[in-house]
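Reader: Could you take me through one part of this model at close range? I would enjoy a connected account that starts with strand pairing and then moves on to its surroundings.

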Amino acid sequence: MAEYLLEMKGIVKQFDGVRALDGIELKIRPGECIGLCGENGAGKSTLMKILSGVYPHGSWDGEILLDGKPLRAQSVRDTEAAGIVIIHQELMLVPQLSVAENIFMGHELTLPGGRMNYPAMFQRAEELLRELQMPDINVALPVMQYGGGHQQLVEIAKALNKQARLLILDEPSSSLTAAEIAILLNIIKGLKARGVACVYISHKLDEVAAVCDTIAVIRDGRHIATTPMQAMSVEQIITQMVGREITTLYPPRNRQLGEVVLEAHNITCHDVDNPSRKRVDDVSFAIRKGEILGIAGLVGAGRTELVSAIFGAYPGLHSGAVLIDGKPADTSSPRKSIAQGLCMVPEDRKQHGIVRDLGVGQNITLTVLDHFSRRGRINAEDELQTITAQIARLQLKTASPFLPITGLSGGNQQKAVLAKMLLATPRILILDEPTRGVDVGAKAEIYKLIAALAEQGVAIIMVSSELAEVLGMSDRVLVIGEGQLRGDFENHDLSQETILAAAIHQPDASHSVTSDHPAAATATSA
């Protein structure tokens, strides 16, 4: 019997003559969890698409052995038949189908005559969800009735139903709460005990350290090192990933704040599908020039709905007023908001941040096309110069500005969306989960950029599920819970425990729930 369940030898993959992978080696034993680490664009997702059959045998060079025998898969169906299942970073569910139908998609249980055996599928789906500690989900309801975190766990149930021998998890916790992440890591430990091998791809290195036996690092498409986790620290993983030591992740906070630039009064948002339910309930706040205002809260608290309504992008019924420089502002649409210097980088880049059919450069210049227009025609040379400068400014990894944006890694797509909004020269910039799916090296660069914008006087509103990020970057922190403003804290000796206590409506006596910050007073008194 072969020592390794899987071996990848000398894997090479080229796109338009550019080597995305250059001789990658990877070996995995049964019951082993390997953490695959690297910066955005390092080649992790490309390698896993080869392993899972998205890129068929013959479109790449090298060899894959499964149980010591060559694997020459031509499709995902071939790799799944061999017991290799991938859970992609982007959810692959059909929103309108039920939870059970999504779990069994392509592997449906049928009755004689070909009819669906729904009772059997419902029963098995409920068993899987109990295993994932999600017993309260109604498997007969459309999966779109549930939030992103629940949908991610449905994806995992879908993979478990396929009897995976090797499970690939690509950023599986990006939409999960801390409690759901703990469940996920326990599930992986249970799978390992049953002999299932796992490849865990995540920029959250604390998760990697908690669950992985071995760390494989790739950089710029090349294999850097494979090391037992017990011989590594998180800092050493980072150094291998980026090729340098990152001493300080968050820039120092010593900014001089200016006058109030934006006020939001009595913002209320009603649920899109159930207008009788309020997703945001009468929230008011203000922000000063050069201030970084963090917005924290549990998943589903209403953070994204709040900032979307302020920007003019909330699709449901909403009310309230936005003032810029003390004057009423028309933010009824994103176009009108951008024209007034209010810009936003959305949480869901795939759905709201990029235009999938356009190239990298075309996505970057979308907000300022009029700058390059001459008598109805685009000055392509001027546009390309601007695109090239933005690519360099954000260190965006792309073989060409003309490459389709869907060809970039998730983190580099995020940088392109950020570049697009920076071209509009914002005075107020909303960043909704700005570093989701972004590696630690790129995070440090984005943090420096955010701090530099604040130093230049841009007011930054930053929504983040990463409490360390909120505390590391913010001058002041708003806490949203169940659609309501639960806390407004100056970031002086502020702790994660205080933020969480406010989020679940347990105010910490050591901090005032209402800030004495002048911007907060402005919004409250209006």
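**Strand pairing and what surrounds it**

Author: Happily! In this predicted model, strands β14 (residues 318-324) and β15 pair in the antiparallel sense, with two bridges between them. Within that pairing, Leu-323 has Pro-328 of β15 opposite. The two strands belong to an open sheet of four strands, ordered β12-β11-β14-β15 and paired in the antiparallel sense. At its edges are β12 (278-288) and β15 (327-328), each of which pairs on one side only.

Let us step next to strand β13, where the pairing is parallel. β13 (residues 292-296) is joined by four bridges to β20 (residues 459-463), and the two run parallel. Four bridges also join β13 to β21 (residues 476-481), again in parallel. Leu-293 is a handy landmark here: it stands opposite Ile-461 in β20, and it also stands opposite Arg-476 in β21. How enclosed is this strand? Five of the five residues of β13 are buried, so the strand is largely enclosed by the rest of the structure. Ile-292, Gly-294 and Ala-296 point one way, Leu-293 and Ile-295 point the other way, and all are buried.

A similar look at β3 (33-37) is worthwhile. This strand is mostly covered, with five of its five residues buried. Cys-33, Gly-35 and Cys-37 point one way from β3, while Ile-34 and Leu-36 point the other way. β3 is joined to β8 by three bridges, and these strands run parallel; there, Cys-33 has Cys-198 of β8 as its bridge partner. β3 also pairs with β9 (residues 214-219) in the parallel sense, over four bridges, and Ile-34 stands opposite Thr-214 in β9.

From β3 we can pass to helix α6, since β3 is among the elements that cover the buried residues of α6. Others include β8 (197-201), β7 (166-170), α4 (118-131), α5 (148-160) and α7 (205-211). The buried residues of α6 are Glu-180, Ile-181, Ile-183, Leu-184, Leu-185, Ile-187, Ile-188, Leu-191 and Lys-192. The helix itself (residues 178-193) has 16 residues and reaches 23 Å from its first C-alpha to its last, close to the 22 Å expected at 1.5 Å a residue. After α6 comes Gly-195, with a positive phi near 95°.

Finally, the empty space. Rolling a probe the size of a water molecule over the atoms shows where such space is left. Here the count comes to two cavities of 30 Å³ or more. The largest holds about 40 Å³ of space, and its lining is made up of Val-345, Gln-414, Lys-415, Leu-418, Leu-431, Pro-434 and Ile-446. Helix α14 (residues 410-422) gives the largest share of that lining, three residues. By class, the lining of the largest cavity divides into five nonpolar, one polar and one charged.

The second largest cavity holds about 30 Å³. Among the residues that line it are Ile-50, Leu-51, Tyr-55, His-57, Trp-60, Arg-72 and Thr-79. Its lining has eight nonpolar, three polar and one charged residues.

Methods: Residues are numbered from 1 along each chain as its sequence is written. This is a predicted model: local features need pLDDT of at least 70, side-chain atom pairs count only at pLDDT 80 or more; totals for chains, interfaces and linings use all residues. Side-chain values use heavy atoms; hydrogens and water are left out. Buried means under 20% relative accessible area, exposed over 50%, partly exposed in between (1.4 Å probe, protein chains only). Two strands pair if DSSP finds at least two bridges between them. On a 1 Å grid over the protein atoms alone, a cavity is a set of points where a 1.4 Å probe fits but cannot get out, and a pocket is an open set with protein on both sides within 12 Å along at least five of seven lines; lining residues have an atom within 4 Å of a point. Grid points are joined across faces, edges and corners, and a volume is the space filled by probe spheres set on the points. Ala, Val, Leu, Ile, Met, Phe, Trp, Tyr, Cys and Pro count as nonpolar, Asp, Glu, Lys and Arg as charged, and the others, Gly among them, as polar. The expected span of a helix is 1.5 Å times one less than its number of residues. Contact means heavy atoms within 4.5 Å.
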